[in-house]
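Have the model open in your viewer and keep the selection panel handy. We will go stop by stop, and at each one you get something to select and a note on what is there.

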Amino acid sequence: MDLANQMKWVPKEDTTLVSYMVDLHNVGTFNADTRFKTDYLNELERMLEKVLPHAMLKAKPNIESRFRTLKRD
């Protein structure tokens, strides 16, 4: 794994990501209990792009990787 190419998440990005994941869960479109539906990463990418346009977060690998990290921790 090339550590030089790894993205560092800032607290605002983490907070926004978790907030949107909770929102998606609460509306019932995507449910963490039954596994998120397949398009949840793309939906999160679109939502984050609106508030964090310069973060350039992509569904894969950025959001998917961060989701696994947050779930593990």
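At what angle do the axes of helix 2 and helix 3 cross, and within what distance do they come? They cross at roughly 100 degrees and come within 10 Å, where axes are lines fitted to C-alpha atoms, for helices over the stretch in contact, and angles run from 0 to 180 degrees between N-to-C directions. Because angles of 65 to 115 degrees count as roughly perpendicular (under 35 is roughly parallel, over 145 roughly antiparallel, the rest oblique), helix 2 and helix 3 are roughly perpendicular to each other.

**Before you click further**

This is a predicted model, in which local features need pLDDT of at least 70 and side-chain atom pairs count only at pLDDT 80 or more, while totals for chains, interfaces and linings use all residues. Residues are numbered from 1 along each chain as its sequence is written, and side-chain values use heavy atoms, with hydrogens and water left out.

**Stop 1: the whole chain**

Colour by pLDDT, the predictor's confidence in each residue, from 0 to 100. The chain averages 81, and 79% of the residues score at least 70. Now switch to cartoon: you will find three helices and zero strands, in the order α-α-α from the N terminus on. Helices (H or I, at least four residues) and strands (E, at least two) are DSSP runs, numbered from the N terminus. Among these elements, helix 2 (residues 40–51) has the highest mean pLDDT, 90, and helix 3 (residues 59–72) the lowest, 86. Of the 73 residues, 32% count as buried; buried means under 20% relative accessible area, exposed over 50%, and partly exposed in between (1.4 Å probe, protein chains only).

**Stop 2: where helix 2 meets helix 3**

Select Tyr40, Leu41, Asn42, Leu44, Glu45 and Leu48 in helix 2, then Ala59, Lys60, Ile63, Glu64 and Phe67 in helix 3. These two sets meet, contact being heavy atoms within 4.5 Å. By class, the contact has seven nonpolar, one polar and three charged residues. Here Ala, Val, Leu, Ile, Met, Phe, Trp, Tyr, Cys and Pro count as nonpolar, Asp, Glu, Lys and Arg as charged, and the others, Gly among them, as polar.

**Stop 3: the salt bridges**

How many salt bridges does the count come to? Six, with a salt bridge taken as a side-chain nitrogen of Lys or Arg within 4 Å of a carboxyl oxygen of Asp or Glu.

Start with aspartate 14 and arginine 66, whose closest N and O atoms are 2.7 Å apart. This pair links distant parts of the chain, with aspartate 14 in helix 1 (residues 11–27) and arginine 66 in helix 3, 52 residues apart. Both aspartate 14 and arginine 66 are buried.

Next, pick arginine 46 and glutamate 43, which form a salt bridge at 2.9 Å, N to O. Both lie in helix 2, three residues apart, about one turn of the helix. Arginine 46 is partly exposed at 46% relative accessibility, and glutamate 43 is partly exposed at 24%.

Then go to helix 3 for glutamate 64 and arginine 68, where the closest N and O atoms are 3.8 Å apart. Why are they separated by about one helical turn? Because they are four residues apart in helix 3. Add Lys60 to the selection: salt bridges that share partners join Lys60, Glu64 and Arg68 into one network.

**Stop 4: into helix 1**

Select glutamate 13, which is in helix 1. Is glutamate 13 buried or exposed? Its relative accessibility is 10%, so glutamate 13 counts as buried. Leaving out residues up to four places away in sequence, glutamate 13 touches Met7, Lys8, Leu52, Ala55 and Leu57. For leucine 52, the C-alpha to C-alpha distance from glutamate 13 is 7.6 Å, across 39 residues of sequence.

Threonine 16 is in helix 1 too, and it is buried at 14% relative accessibility. Beyond its neighbours within four places in sequence, threonine 16 is in contact with Leu48, Val51 and Leu52.

**Stop 5: two backbone details**

Check the peptide bond joining lysine 60 and proline 61: it is cis, with omega about 10 degrees. Proline 61 lies in helix 3.

Finish at methionine 56, in the loop between helix 2 and helix 3. Phi of methionine 56 is near 55 degrees, a positive value in a residue other than glycine. With a relative accessible area of 61%, methionine 56 is exposed.
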